Amino acid sequence: MENLRYNNNRLYIIDQTLLPNEEKWVEIKSKEQAYDAIKRLMVRGAPAIGVFAGYSMALFSRDNNIYDLKEYLDSSRPTAVNLSWATQRIVNAYEQGKSLIEEAAAIQAEDDEMCRKISEYGLSLLKDGDGIITHCNAGELAAGRYGTGLGPLILGKEKGYNFRVFTDETRPLLQGARLTSYELEKAGIDVTLMCDNMAGLVMKKGLVNAVLVGCDRVAANGDTANKIGTSSLAVLAKYYNVPFYVLGPYSTVDFNCKNGNEIVIEERDGEEIKEMYFEKPTALKETKCFNPAFDVTDSSLITAIITDKGIVYPPYEVNLKEMLK
């Protein structure tokens with residue numbers, strides 16, 4: 001399932017804000033459109049944002065100062081480390097006199113390979129027939145081939161595994177409902193959609209063998225930035241002794257960020273809570289809202305962090321660095 005297409009200096013994305021009811025491809029023609037696409041979640045998911053940012057930098061640096069363009073695009077979603085990682089990589093290519101389009105294409109190809117490796121490592125921890133909880137969306141819409149958090153499920157389906165997946169709807173933007181259940185249905189995987197606050201009940205009933213979630217940033221000590229609501233899910237998993245796995249590319253590990261307290265959490269417009277995807281507002285106009293896009297999952301709640309370089313177990317502050325060697 002594609003989330004981006006590049007062909008002959010033309011860049012297209014599928015508008016994920018319209019899924020699952022409409023599959024619409026949109027051409028991105030300017031830096032302003034690129035910024036808006038990231039900010040409004042038309043393109044989303046750390047790896048996908050990185051690929052998109054790479055192509056955007058390559059295309060729009062022709063008419064813009066590349067350093068100003070990097071700063072501009074980076075400001076669209078500050079929590080996603082893959083965004084600034086990809087824009088910096090294009091800047092490095094520019095300073096080295098390389099083809100920027102070829103560098104962007106290399107980021108995309110590497111992303112596909114990264115997702116395949118994450119999927120294989122993740123699948124090694126699962127068994128045929130397992131019950132799985134997912135939160136938010138970390139499949140092919142959010143990354144490359146297979147995705148990250150959903151990758152083991154999609155790869156497993158190809159290999160003949162049969163999973164029972166319980167997908168949180170993921171308020172307030174409903175990525176789990178609109179995107180994850182959509183992807184899994186398309187892949188022929190048994191999926192049951194549920195409200196976010198139902199996860200504890202299915203764990204209590206013994207229906208869950210593992211939780212799989214994607215991430216946007218990993219601190220040096222193993223704390224992770226995940227879609228809002230993930231840390232609550234991790235607490236439940238710890239209580240019910242369900243393995244809790246965070247999946248993401250090694251490039252999301254930020255060794256300059258010591259712990260979760262240093263992760264910048266993006267706060268979004270509160271109207272998303274009250275109005276988006278509803279025919280009528282669900283609260284009074286004057287009612288205040290608190291709408292962080294992410295929360296931080298404490299490393300003590302995480303069973304393992306699954307990257308394209310391998311599976312990392314505690315102590316994370318030691319073993320994450322070991323993978324650099």
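These are my notebook entries on a predicted model, covering sheets, cavities, a salt bridge and backbone geometry.

**Entry 1. The seven-stranded sheet**

I looked up the strand order first. One open sheet has seven strands in the order E6-E5-E4-E7-E10-E13-E14, and its pairing is mixed. I noted E6 (190-194) and E14 (310-312) as the edge strands, each pairing on one side only. From one strand to the next the twist averages 25 degrees.

I then went to the pair E4 and E7. Strand E4 covers residues 131-135 and strand E7 covers residues 210-214; they run parallel and are joined by four bridges. Within this pair, Thr134 stands opposite Leu212 of E7. Helix H7 (residues 175-186) packs on the sheet and touches E4, E5 (164-168) and E6. I recorded about 160 degrees between the direction of H7 and that of E5.

**Entry 2. The four-stranded sheet**

A second entry in my list is an open sheet of four strands, ordered E11-E8-E9-E12, again with mixed pairing. Its edge strands are E11 (253-254) and E12, each of which pairs on one side only.

I followed the strands from E8 onward. Strand E8 (residues 217-219) runs antiparallel to E9, with two bridges between them, and Val218 stands opposite Thr224 in E9. E8 and E9 form a hairpin with four residues between them. In that turn I found Gly222 with a positive phi of about 95 degrees.

On to E12: four bridges join E9 to E12 (residues 294-297), and these two strands run antiparallel. I wrote down two opposed pairs here. Asn226 stands opposite Asp295 in E12, and Lys227 stands opposite Phe294 in E12. Helix H9 (residues 230-239) lies across E9 and E12, at about 30 degrees to E12.

**Entry 3. Cavities**

How many cavities of 30 Å³ or more does the structure hold? I found two.

The largest has a volume of about 270 Å³. I listed 27 lining residues for it, and those nearest its centre are Arg44, Gly45, Cys136, Asn137 and Asp216. Helix H2 (46-60), E7 and strand E9 (224-227) each give at least two residues to this lining. Sorted by class, the lining of the largest cavity has 13 nonpolar, nine polar and five charged residues.

The second largest cavity has a volume of about 30 Å³. Its lining includes Thr134 and Leu212, the two residues I had noted opposite each other in E4 and E7. Cys136 and Asn137 are also among its lining residues, and both are named among the residues nearest the centre of the largest cavity.

Which strand gives the most to the lining of the second largest cavity? It is E7, with three residues. E4 and E7 each supply at least two. By class I have five nonpolar, five polar and no charged residues in this lining.

**Entry 4. A salt bridge inside a helix**

I have 16 salt bridges for the structure, and I checked one of them. The side chains of Lys70 and Asp74 meet at 2.8 Å, N to O. Both residues lie in helix H3 (residues 66-74). They are four residues apart, about one turn of the helix.

**Entry 5. Backbone exceptions**

I kept in mind that most residues other than glycine have a negative phi, and that most peptide bonds are trans. I then looked for exceptions.

Where are the cis peptide bonds I noted? One joins Arg171 and Pro172, with omega about 0 degrees; Pro172 is in the loop between E5 and H7. Another joins Pro314 and Pro315, also with omega about 0 degrees. Pro315 lies in the loop between E14 and helix H11 (316-322).

For phi, I recorded Tyr146. Its phi is near 80 degrees, a positive value in a residue other than glycine. Tyr146 sits in the loop between E4 and helix H6 (151-158).

Definitions and conventions: Residues are numbered from 1 along each chain as its sequence is written. This is a predicted model: local features need pLDDT of at least 70, side-chain atom pairs count only at pLDDT 80 or more; totals for chains, interfaces and linings use all residues. Side-chain values use heavy atoms; hydrogens and water are left out. Two strands pair if DSSP finds at least two bridges between them. Axes are lines fitted to C-alpha atoms, for helices over the stretch in contact, and angles run from 0 to 180 degrees between N-to-C directions. Contact means heavy atoms within 4.5 Å. On a 1 Å grid over the protein atoms alone, a cavity is a set of points where a 1.4 Å probe fits but cannot get out, and a pocket is an open set with protein on both sides within 12 Å along at least five of seven lines; lining residues have an atom within 4 Å of a point. Grid points are joined across faces, edges and corners, and a volume is the space filled by probe spheres set on the points. Ala, Val, Leu, Ile, Met, Phe, Trp, Tyr, Cys and Pro count as nonpolar, Asp, Glu, Lys and Arg as charged, and the others, Gly among them, as polar. A salt bridge is a side-chain nitrogen of Lys or Arg within 4 Å of a carboxyl oxygen of Asp or Glu.
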